[in-house]
Each structure stands twice: as C-alpha cells, then as structure tokens.
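Trainee: I'm new to this one. Could you zoom in on the sheet for me, and then carry on to the cysteines?

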Amino acid sequence: MSSLKSDPSDRRAQVAAALRARVPAACVLSDPEDTRPYECDGLAAYRQLPMVVTLPTDEDQVLTILAVCRELNVPVVPRGAGTGLSGGALPIHDGVVLSTARMNAIRRVDPLARTAVVQPGVRNLAISEAAAIHGLYYAPDPSSQIACTIGGNVAENAGGVHCLKYGLTIHNVLRVRVATIEGDLVELGGATLDAPGLDLLAVFIGSEGMLGVVTEVTVKLVPKPALAQVIMASFADVVTAGNAVADVIAAGIIPAGLEMMDRTSVRMVEPFVKAGYDLDAAAILLCEADGSALEVAEEIERMRAVLERAGATAIAVSQDEAERGRFWSGRKNAFPAAGRISPDYYCMDGTIPRKQLARVLAGIAAMEATYGLRCSNVFHAGDGNMHPLILFDASVPGEFDRAEAFGAAILALCVEVGGTITGEHGVGMEKIGSMCVQFGRKELDAFFAVKHAFDPLSLLNPDKAIPTPHRCAEFGKLHVHHGQVPFPELPRF
C-alpha cells in the first residue's frame, strides 16, 4: 500500500491523477472551485472542502474508484444528493467524495411483482412517477423526496409522513447491491420476503455509508389508494395534542399519516404555503386515512370521535385532493418556512415512546428559557419521531453553540424517557457525541466490530456515526481505563 505525500496540493494531484488514469476525466473533480458544492450536506453548519470528488456513472467505475482509494489509503465518503441533515456526507479534508448522483437509471418496473430496480442516484419521487402508470407508488416519502436519492435513503433509513402505516426504507427495500472497499460486489436480501443466511440487509440499511457503496436497489411498490382524506384537528395546548396521538393509536387505528405541528410551526408555515391551518391553535394534528371510499369514511369517523373525546377544539376534513395536498404541503415545507422567521435553524431528530410526547414537549418548552432560543416542533407524532427546529442567528456570537447544546439536551431527554437519538436523519457527525449518551462501552465495541468486518481498513466514511472510546471520553460519557481501547488500529479523534 503506497503512502501519500504530506503537502496537501501534492496529495490532491497524486490522487486525482491516479483516478483519472483509471476512470474518465469527467468523473473526477479536484479544483477547489469545482469541489466547493460538495463541502457539506443539508447540515450546512458543518463544512469541509473535499480533496477530490468523483462522479461515477456505473458500477464498474465505483469499483475502480474504491480500488484506487484502497491502494492509496485514501478515505472515501459516499454521497447521494446531499440532502442529509446529520453531516453524514461531510467530506474529509484528505479524502475522496464518491457521489452516486449520476447513477440515476430506473432499470425496470415490474407491476406484477410490484417492484422496481433502480440505481442509487434515482430520486425518491421519480420511482413513484415511473410506477404511476401501473397504479403503484413507492411509499416512503421524506420531506426532501423531490430531491433525495434512493441510495441516500438506504444509507439513512429514511422515513416520511406516511411511515407510520407503510414503514421506513428498511420495510420497503427487498435487495441492495453493494460495492465493498475490498473490491467485492455483494447482494443483500433478495426478490423474496426472506433470504438465506444472516439478515445483513437490515445491518446495511441505515449504516450511513460506513459499510459499502450502494450500486443498485430493489424496492417494493404498493397500490395507490383509491381515496385519501386528512383530518386537521386543533388543540388548545400541546400536551392535550400529544395525549390525543396516543389515544388514536390506543383505539386500534393506524392512520396513513399522523403528524403534529405546534403554534410556532403553524404560524411560520401558513403565510408561506397557505395550507388553511388554524392559526389560533396551540397545536394541530394531521391524521390521514387511505383505502377504498368505504374504508376511508369509516376510519375518518373513528378518528374524529377519538379526537373529539381527546379535547380537539376544532376539526376539519379535506374535501378534495387539492385540499389534502395543501394540508400536507404545509407539513412538508415546515423546514424551509423556518427561514421566514429566523436567520438560521437547527433541525433535530429524536424518537420517543408516544406516551411520552406530552412530557418531552413540556421539557423542550422549559429548555427554550434555559438556552434563550425559540424552538418550533414538527414531527411524525404517530411513531414518536420528533423534529424540533431550534431557531437561532449564527451571526450572533455564541448562538450556534447554544443551539447545539439545546439540541444535545433534547436528545438526552429522548434517551431518558426510553427513546433514541435519531429516527430517520442518522447520526453522522451531528449526533456522534449523543451516541455516547445512548450507548455504553460494550455496545460501541460491538458496533466497531461490525464496521471492522465490512471495512477492516476503516476507509469508508471514517469518524462518523460510531464514536471512538476516546471521543466519548472527550465528551465526558465514557471512562477509558489506562488507555486500553478495542481495535487500536482504528483512527481515533
């Protein structure tokens, strides 16, 4: 294994030349002006200019790029569309970004098997658009579905507003074809509901580019419902709204979507989208029913009855597809709408038991006073996946630091009530400290063992998602006894 020169410009030239000798020159970017667009993902507060960016167009080029990086001992950061919100695609200063955005072919749509085979750079929404002619669609629908790619969805185990009924990415992917850092092509999963051997598909989905590079995905398609309607229920306080969510699920109802927005969210979204939201409500719930006309009518009435008993002050039901679309557009545009009321925002992602919604919302309200920052709450209430938006101004000294501390406190509260530090955004760089709050030494050792099995050289997205023992010690959440750490050959912070 050859070593690289110490001068950064020499290193960049060496790696770029080695790559251009093996793949088309158009696939390799090394000029800082060309690589600048790849310096961050959706978590724009963290930035790092990459040494080199590669843009393969097929599987062979992916394998070649990985081979060059392995030979030169260069770290590789896989990247999709860059819409991730946890810094999972943050470049490494002496590493290569491998973007699969140009691998955007839909191989085939099989209406009989209800599957689609696609390359990783295919946009989430494009799958549904291609399947629509057959009356089918791809169910997971992140707010960024117009731009995010299926490869990135697999890396982060993305969800969306309809994940309560239809599941996350892991529940809608049958097979993933993966290029490993050692030059192998492996297929995880299969065309059937079960595959022989260990369930490595479940290990890989959500692994944030640390185990391999996705080159092809087989997804499940579901029939488009004949009808869908949304209830918008208003509540006088967020605690009552949070309790209403638990009441809906306790009644045996599994809505297609069950979302919650507090007053701050509603008031920042309504002028932007004109969704028809109740501006006087302290919180609103959006509850969707889908299926046949008879099924929808029955479920809407059942949900209405539960919500009224739970204390809803007003209930509105979408009367046509246009109004239903407006109700959901407000929820899906909550993040960009934050720019109307704050120069900057920090989007968190934690998951809690539904019965703890009221307690956590009350806790976040108290934290607003502690940290001197506002927080807008929007989340997938049905499965307890919260997305607090911490509003701040990065131009004010110390505000970003307070926003980060606020976010870490929210995640610590999620763990305290029996939840987790993420639901669909991943860990990346953002939550690596909070991993030390959630997991102990033995669990972290087990995570590193899995990483080591797939990537023994630790070249794939190193220093992300799994904190080293030293990192946890720096965070103050792990004691390293006499410097004894597992896998000492792995790079440490």
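Mentor: Sure, let's start with one pair of residues: threonine 54 has leucine 98, in E4, as its bridge partner. Keep in mind that this is a predicted model, where local features need pLDDT of at least 70 and side-chain atom pairs count only at pLDDT 80 or more, while totals for chains, interfaces and linings use all residues. Residues are numbered from 1 along each chain as its sequence is written, and side-chain values use heavy atoms, leaving out hydrogens and water.

Now widen the view. Strand E2 (residues 52–54) runs parallel to strand E4 (residues 96–99), and 3 bridges pair them. Strands here are DSSP runs of E with at least two residues, helices are runs of H or I with at least four, and both are numbered from the N terminus. Two strands pair if DSSP finds at least two bridges between them.

The whole sheet is open, has 4 strands in the order E1-E2-E4-E3, and its pairing is mixed. Its edges are strand E1 (28–29) and strand E3 (76–79); each has a single partner strand, so one side of each has no neighbour in the sheet. Helix H1 (residues 8–20) packs on this sheet and touches E1, E2 and E4, where contact means heavy atoms within 4.5 Å. The direction of H1 makes about 20° with that of E2. Such angles run from 0 to 180 degrees between N-to-C directions, with axes fitted to C-alpha atoms, for helices over the stretch in contact. Helix H3 (residues 59–72) lies across E2, E3 and E4, at about 170° to E4.

On to the cysteines. There is 1 disulfide in the structure, meaning a pair of cysteine sulfur atoms within 2.5 Å. It joins cysteine 436 to cysteine 472, with 2.1 Å from S to S. Cysteine 436 sits in helix H15 (residues 432–438) and cysteine 472 in helix H17 (residues 469–475), so the bond ties together parts 36 residues apart in sequence. The torsion about their S-S bond is about -85°, so this disulfide is left-handed. Cysteine 436, at 5% relative accessibility, is buried, and cysteine 472, at 1%, is buried too; buried means under 20% relative accessible area, with a 1.4 Å probe and protein chains only.

What about cysteines without a bond? Cysteine 163 has its closest cysteine sulfur, in cysteine 148, 13 Å from its own, which is too far for a bond. At 7% relative accessibility, cysteine 163 is buried.

Methods
Buried < 20%, exposed > 50% of the residue type's maximum accessible area, 1.4 Å probe, protein only.
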